[in-house]
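Trainee: I would like to take a close look at a single part of this protein, and then see how that part sits within the whole. Could you walk me through it slowly?

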Amino acid sequence: MVSLVQSVSCAITRLNLLPKSSISSTVRAIRTLQHLQPKKRETEHEGSPLISHSNSVLCHPSTACFVHENATGDTADDLVFLGIETSCDDTAAAVVRSNGEILSEVVSSQAELLARYGGVAPKMAEEAHTQVIDQVVQQALDKAKLTENDLSAVAVTIGPGLSLCLRVGVLKARKVAGTFNLPLVGVHHMEAHTLVARLTERRLEFPFMALLISGGHNLLILARGLGQYIQLGTTIDDAIGEAYDKTAKWLGLDLRRSGGPAIEDLAREGNSESVRFSIPMKQHKDCNFSYAGLKTQVRLAIESRKVNAEIPISSASSDDRSSRADIAASFQRVAVLHLEERCERAIEWALKIEPSIRHLVVSGGVASNQYVRNRLDKVVKKKNLRLVCPPPSLCTDNGVMVAWTGIEHFRVGRYDPPPPANEPKDSVVCLEKIDNSSDAFIMFNYCRN
């Protein structure tokens, strides 16, 4: 069986990284470079000693990584990218032009599996990806009225995520790229969530801040340039999306829409002051997040009110529904207050590093929540910044963000040569484990005592 690769030195190649000893670098060498002429990796400084651009997703550990020059140049607006995303529970593909035009977008949801298992079951998710990946990619091409011969390159998510799921997308991307002699760009999932805002808001220039909130991540970063990111804060345990999902499950809500939308809808019926949950980490004067304690508080509140999650919300009595709505509203208020406090402090820190910052990007699945957007908009306005949120369809996992991030890096010459055509699956040497942390995305941590 083939597992996938995430290597600090090679695989996430467009990012400025701190070495991480737990991530090994064992990636297959590409021996046939075809028409693409490589040059050895260069190190750019631009004011930071920690910048190291290595740009091959598929490099043997004993060889150098390469940067391949983009023959079309930085100003090319005629690129057409296929983006493939399979990092978790949605199979997505999209075709995007380098001028920002979205030619197609297809997402196959695993909502029924989520509802059945009460969350993501990796093996089941992998099988679901495998069943639909060919169809999803073909639909994306058909909707764009293009064929593989019209593509400039293929971009694919290589991590972080569930290794079994990532494997499906990477193998499909390599098959398309190898068969049609296309360059390949490996994309970091969280960077894609960040950079998609530059597709929807074309005036968004570096530097800017970003809050990335999803089921697996809470990240506050300062984006100084393409591949140059400073981590201001991250979660020390659970992410906000995980807290939403668990709360929704314990309240007996319909998980086919995921926990976030279900909680937001029910919260509108409740009293957000009825349950006095404590705001996490009030005593910690940093920008990190913690939602494990809030989850415990919610579980205890549900138990004390004798909410039976076996009874779905649609069958609950009026009093029971009201009780659940109060818990949902109280949870959401405190969960988002935690975001607000951390963002306020992070903005103060970031402005000391980059006084020219004018925008806070909020992206990731939880950014689809309108309550979250409204509350954070008030925070940034107090700091004289502007909130930038991609449309909800581009906040959740999608192929558009992957294609666009691939375009951004391709323009500056960061991509891999086409894989060999008809490559056997077992010829791909991969990492034993894809790191599910955010560490590989970050240039360095900005710490305060």
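Trainee: Which residue just after α11 takes a positive phi, and of about what value?

Mentor: The residue is G413, which takes a positive phi of about 85° just after α11; please keep in mind throughout that this is a predicted model. The helix that precedes G413, α11, runs over residues 399–411, and at 1.5 Å a residue its 13 residues should span 18 Å, which agrees with the 18 Å that separate its end C-alpha atoms. As for its surroundings, α11 is mostly covered, since 13 of its 13 residues are buried.

At the N-terminal end of α11 the residue to look at is N398, which caps the helix through a side-chain oxygen lying 3.1 Å from the backbone nitrogen of V400. N398 itself belongs to the loop between α10 (392–395) and α11, and with a relative accessibility of 0% it counts as buried. Its side chain also turns to backbone oxygens, reaching that of T396 at 2.6 Å and that of L394 at 3.2 Å. If we leave aside neighbours within four places in sequence, N398 is in contact with E85, A92, E105 and S393.

A second helix can be read in the same way. Helix α4 covers residues 189–200, and its 12 residues, at 1.5 Å each, should span 16 Å; the end C-alpha atoms are 17 Å apart, which agrees. Because 11 of the 12 residues of α4 are buried, this helix is largely enclosed by the rest of the structure. The buried residues of α4 include H189, E191, H193 and R198, alongside others such as M190, L195 and V196.

From the helices we can move to the nonpolar interior. In soluble globular proteins, nonpolar side chains tend to be buried together. Here the largest nonpolar core has 55 residues, and the members that touch the most others are M209, L211, L220, L251, F277, F331 and L339. Helix α8 (residues 318–353) gives the most to this core, contributing 14 residues. Apart from it lies another core of 26 residues, with V106, V132, I133 and I158 among them. To see the surroundings of one member of the largest core, take L211: beyond its neighbours within four places in sequence, L211 is in contact with L219, L220, F289, L339, C343, L360, V361, V362, S363 and L376.

Since C343 appears in that list, the cysteines deserve a word. A search of the whole structure finds zero disulfides. C343 is in no disulfide, the nearest cysteine sulfur being that of C287, 8.5 Å away, and C343 is buried, with a relative accessible area of 0%. C88, by contrast, is partly exposed, at 22% relative accessible area, and its sulfur lies 6.4 Å from the closest cysteine sulfur, in C165, which is too far for a bond.

Finally, the chain as a whole gives the setting for these details. It holds 11 helices and 13 strands, and 58% of its 449 residues count as buried. Among contacts with a separation of 6 or more, 77% come from residues 24 or more positions apart. The accessible surface of the chain comes to about 18100 Å², and carbon and sulfur atoms account for 48% of that area.

Methods
Residues numbered from 1 in each chain as written. Predicted model: local features only at pLDDT ≥ 70, side-chain atom pairs only at ≥ 80, totals over all residues. Heavy atoms only, no water. Core = buried A, V, L, I, M, F, W, Y, C linked by side-chain atoms within 4.5 Å. Buried < 20%, exposed > 50% of the residue type's maximum accessible area, 1.4 Å probe, protein only. Helix = DSSP H or I, 4+ residues; strand = E, 2+ residues; numbered from the N terminus. Contact = heavy atoms within 4.5 Å. Expected span 1.5 Å × (residues − 1). Polar contact = N/O pair within 3.5 Å; in protein donor to acceptor, adjacent residues only side chain to side chain. Disulfide = S-S within 2.5 Å. Areas by Shrake-Rupley, 256 points an atom, 1.4 Å probe, with all protein chains shown as cover.
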